[in-house]
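Welcome, and thanks for taking a look at this one. Please have your viewer ready, with helices and side chains easy to switch on.

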Amino acid sequence: MTVPAGERGTTTVAPRAVRRIAERAAAEALPDGGSVLRGSAGVRGTSARISVGVRLPYPVRADEAARRIRERAAARTAALTGLSVPRAEVRVDTLSEGPAPVVPEAVEAAPGPDGGRPGPRIRAERRVPAAVLAAVGAVVCGLVLADVVAVRFGGAPAGWRTAVLDWAATHGPADSAVRIGGAVAALAGAWLLGCALLPGLRRRLRMAAPGPEVRAALDRKAAARILRERALGVPGIVRARVTVRRRRAGVRAGVGYGDPAEVRAEAVRVLDAALLELGLARPPALRVRVRREAGLPEKSVEPVSVSVERPDAAGRTDAAGQSAAGRSDAAVDGARDGGEA
């Protein structure tokens with residue numbers, strides 16, 4: 001006996017179950033020391049969208065780790081739920097702190113498959129403006145539709161609609177209220193156009209594309225934290241302040257012992273290597289300032305500027321970050337315990 005297709009029932013996988021599966025699958029691909037922070041999932045028909053936030057150990061190639069986690073989460077979720085996963089997102093929310101790593105020698109970063117060019121820029125979702133606009137539009141359209149339906153069935157028009165029409169009939173463009181309302185509407189329209197057209201996320205630095213259809217970005221605060229840890233690992237530096245912009249990275253270091261000129265040269269070498277290891281599409285220009293700490297003999301040290309060069313697809317080098325643009329969005333202050341000679 002064959003049961004008709006309409007009477008066989010349906011199988012529904014709840015978004016909560018999809019989220020748990022995606023989190024477990026992402027945990028299977030994490031490097032040692034990493035962890036899954038939180039995840040989300042949405043199910044529509046036979047497809048699902050998943051998003052997972054992770055913590056990665058430092059140092060690690062964030063783009064490669066995120067690619068492995070994304071592929072693992074998408075494949076395992078599709079295999080265990082029977083749903084297609086057209087979109088899977090992995091967010092690197094934070095880096096776990098560990099012991100100070102050994103400072104490697106400065107090496108040139110190898111260009112990616114696209115010649116080291118930046119991948120597609122990640123655009124801000126801007127959920128709040130979209131939700132507010134949708135809610136206001138739904139309320140206004142619902143009120144107008146209800147009143148029109150009531151009038152069609154023989155009812156009287158609503159008082160608020162007749163009042164609005166009467167007010168609009170007696171006020172022209174020369175009235176102050178109309179001008180103010182028009183200015184407010186123009187500003188709101190310009191703001192909505194900016195939200196729709198501009199990518200946003202100015203606090204993130206674009207990373208080199210490791211492959212097609214891959215987008216990666218690094219938060220400025222994370223980049224500043226990495227540079228600060230590397231700077232504090234230089235012998236002689238007891239205090240460091242790092243500011244990372246889109247085109248320039250500034251480091252102010254306090255020297256507790258040693259020759260400031262030698263300390264500065266070592267700091268430039270270490271930070272130059274750290275910038276290359278970040279995997280940025282356009283590494284910012286490095287500017288290092290070094291001075292003696294209070295209470296120690298003063299010795300003036302001139303600041304030094306370093307431009308990080310990356311080879312393009314033709315093998316030529318182009319100095320990145322020659323002009324400083326943007327504003328400072330990340331500043332980290334701190335002092336390392338000890339360090340006195």
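Here is a short tour, from the whole chain to its core and then to two helix pairs.

This is a predicted model. The protein chain holds seven helices and 12 strands. Of its 341 residues, 30% count as buried.

**Overall make-up**

- If you like contact maps, take the contacts in the protein chain with a separation of 6 or more: 69% of them come from residues 24 or more positions apart.

**The nonpolar core**

- The largest nonpolar core has 52 residues.
- Within this core, L56 and L227 are the residues with the most contacts.
- Helix α7 gives the most to the core, supplying seven residues.
- It is worth clicking on L56: leaving aside residues up to four places away in sequence, L56 touches L30, P31, G34, A62, A65, I69, V92, T94, L95 and S96.

**Helices α6 and α7**

- Helix α6 covers residues 220-232 and helix α7 covers residues 260-277; the two pack at an angle of about 150°, with their axes 9 Å apart.
- Angles over 145 degrees count as roughly antiparallel, so α6 is roughly antiparallel to α7.
- The crossing in which α6 passes α7 is right-handed.
- On the α6 side, the contact is made by L227, R230 and A231, which meet V270, L271, A274, L275 and E277 of α7.
- Sorted by class, this contact has six nonpolar and two charged residues, and no polar ones.
- L227 thus turns up twice in this tour, in the contact with α7 and among the residues with the most contacts inside the core.

**Helices α1 and α2**

- Helix α1 (residues 15-28) packs against helix α2 (residues 62-81) at an angle of about 135°, and their axes are 8 Å apart.
- That angle falls outside the ranges for roughly parallel, antiparallel or perpendicular, and α1 and α2 are therefore oblique to each other.
- α1 passes α2 in a right-handed crossing.
- From α1, the residues V18, I21, A22, A25, A26 and E28 meet I69, R72, A73, R76, T77, L80 and T81 in α2.
- By class, the contact of α1 with α2 has eight nonpolar, two polar and three charged residues.
- I69 of α2 is one to highlight: it takes part in the contact with α1, and I69 is also among the residues that L56 touches.

Notes
Residues are numbered from 1 along each chain as its sequence is written. This is a predicted model: local features need pLDDT of at least 70, side-chain atom pairs count only at pLDDT 80 or more; totals for chains, interfaces and linings use all residues. Side-chain values use heavy atoms; hydrogens and water are left out. Axes are lines fitted to C-alpha atoms, for helices over the stretch in contact, and angles run from 0 to 180 degrees between N-to-C directions. Helices (H or I, at least four residues) and strands (E, at least two) are DSSP runs, numbered from the N terminus. Angles under 35 degrees count as roughly parallel, over 145 as roughly antiparallel, 65 to 115 as roughly perpendicular and the rest as oblique. A crossing is left-handed if the near helix is turned anticlockwise from the far one by less than a right angle, and right-handed if clockwise. Contact means heavy atoms within 4.5 Å. Ala, Val, Leu, Ile, Met, Phe, Trp, Tyr, Cys and Pro count as nonpolar, Asp, Glu, Lys and Arg as charged, and the others, Gly among them, as polar. A nonpolar core is a set of buried Ala, Val, Leu, Ile, Met, Phe, Trp, Tyr and Cys residues joined through side-chain atoms within 4.5 Å. Buried means under 20% relative accessible area, exposed over 50%, partly exposed in between (1.4 Å probe, protein chains only).
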